[in-house]
Amino acid sequence: MQRLRARLARSQGSLGRGLLALIARDKLDDDTWDEIEDTLIAADVGVEPTQELVEHLRTRLRVDGVNDPEQARGILREELVSLVDPSLDRTLNAGGAAGAPGVVLVVGVNGTGKTTTVGRIARVLVAEEQTVLLAAADTFRAAAADQLQTWGERVGCETVRGPEGGDPASVAFEAVKRGSDEGLDTVLVDTAGRLHTKSGLMDELGKVKRVIEKQAPVSEVLLVIDATTGQNGLVQARVFSEVVDVTGVVLTKLDGTAKGGIVIAVQRELGVPVKLVGLGEGADDLAPFVPEDFVDALLD
Ligand code: GDP
């Protein structure tokens with residue numbers, strides 16, 4: 001965790017340092033507040049949350065008459081944490097109900113890090129001595145199923161896959177059936193993320209979900225978003241959330257961008273919490289998202 005935090009601080013430090021330098025100025029005039037706004041917008045925080053944060057800071061820094069940088073830092077920390085919303089439940093619901101495995105459906109555009117995320121979640125669950133089965137419901141790219149299977153072999157769980165070009169829903173069905181028959185704890189379903197047309201995506205994901213639900217409730221629908229894609233990632237997020245009921249977000253590649261504000265923008269956009277973050281390409285570079293740690297890394 002320390003290592004991950006250090007990595008996050010390295011990539012996000014410029015945002016935090018920029019804000020700290022601005023609010024520590026002797027005179028917080030309108031130009032300074034404009035600069036603060038620009039810094040937040042440039043870090044992908046989003047317009048509405050930026051305005052909210054600036055309004056709160058203006059009130060508190062003026063009313064409190066803060067000229068002690070440490071105190072100003074404390075106020076900034078509090079306001080950023082509250083913007084990220086520590087009250088949201090960020091538990092990963094991977095466990096099942098009586099007689100049925102937990103089913104985690106992982107969705108998102110190709111290249112965002114879905115397969116990697118499935119592999120990393122499997123690794124964590126296996127380390128907790130959970131029994132896990134992987135489902136390669138991305139049947140359009142043989143390489144995707146191979147990649148998932150390699151993850152499975154690496155972490156010690158099996159992968160259900162179908163013929164190339166086969167029906168993704170039937171792979172999901174078979175995997176969940178096996179999960180039920182064998183009394184497994186969790187089935188992790190990797191899906192195809194071809195954003196060809198919204199109706200195509202809707203048909204495909206909708207069918208996968210319906211077929212799974214014939215046997216077991218879907219315990220979690222995780223939307224994977226690449227943090228480096230900024231506003232484009234938000235547009236994708238909107239489309240996916242219209243197609244399936246997303247219950248949590250995995251924000252990957254936070255190590256590759258200084259625009260950590262996307263965490264705030266995504267939560268606002270979708271109304272669901274960021275549950276996990278990807279902070280590198282390694283097998284253990286997936287971390288639970290903890291608002292306080294995230295903000296501390298920003299301000300480090
Ligand atoms: P998929 O097409 O959505 O299944 O995406 P993949 O899982 O194949 O990942 C695409 C690329 O992103 C791979 O090269 C991964 O190693 C890389 N990747 C995934 N997560 C992260 C992350 O958190 N940080 C970095 N730097 N790279 C990542």
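Trainee: Which backbone atom lies 3.0 Å from an oxygen atom of the ligand?

Mentor: A backbone N or O atom of Gly113 does. That is a polar contact (a pair of N or O atoms within 3.5 Å; within protein, one must be able to donate a hydrogen and the other to accept it, and residues adjacent in sequence count only if both atoms are side-chain atoms). This is a predicted model, where local features need pLDDT of at least 70 and side-chain atom pairs count only at pLDDT 80 or more, while totals for chains, interfaces and linings use all residues. Residues are numbered from 1 along each chain as its sequence is written, and side-chain values use heavy atoms, with hydrogens and water left out.

Trainee: Where is the polar backbone atom that lies 3.3 Å from an oxygen atom of the ligand?

Mentor: Gly278 holds that atom. Lys253 also has a polar backbone atom, 3.0 Å from a ligand oxygen. On its own the ligand has 590 Å² of accessible area, and the protein covers 81% of it (Shrake-Rupley method, 1.4 Å probe; for residues, only the protein chains shown count as cover).

Trainee: How many residues surround the ligand?

Mentor: There are 18, each near it (a heavy atom within 4 Å). Gly111, Lys114, Thr115, Thr116 and Glu281 are the closest. Helix α5, residues 114–127, supplies the largest share of this shell, with four residues. Helices are DSSP runs (H or I, at least four residues), strands are too (E, at least two), and both are numbered from the N terminus. The shell has two nonpolar, 10 polar and six charged residues. Ala, Val, Leu, Ile, Met, Phe, Trp, Tyr, Cys and Pro count as nonpolar, Asp, Glu, Lys and Arg as charged, and the others, Gly among them, as polar.

Trainee: Which pocket does the ligand sit in?

Mentor: Take a 1 Å grid over the protein atoms alone: a pocket is an open set of points with protein on both sides within 12 Å along at least five of seven lines, a cavity is a set where a 1.4 Å probe fits but cannot get out, and lining residues have an atom within 4 Å of a point. The ligand sits in the largest pocket (more than half of its atoms lie within 2 Å of the grid points). That pocket has a volume of about 330 Å³ (probe spheres on points joined across faces, edges and corners). It has 19 lining residues; Thr112, Gly113, Thr116, Lys253 and Glu281 are the closest to its centre. α5 and α6 (142–155) each give two or more, and α5 gives the most, four. The lining has two nonpolar, 10 polar and seven charged residues.

Trainee: What is the volume of the second largest pocket?

Mentor: About 230 Å³. Of its 13 lining residues, Val124, Glu128, Leu276, Leu286 and Pro288 are the closest to the centre. α5, β7 (274–278) and β8 (286–288) each give two or more. Again α5 gives the most, with four. By class, this lining has seven nonpolar, one polar and five charged residues.

Trainee: How many cavities of 30 Å³ or more are there?

Mentor: Two. The second largest has a volume of about 30 Å³. Its lining includes Leu15, Val45, Gly260, Gly261 and Phe294. That lining has seven nonpolar, two polar and no charged residues.
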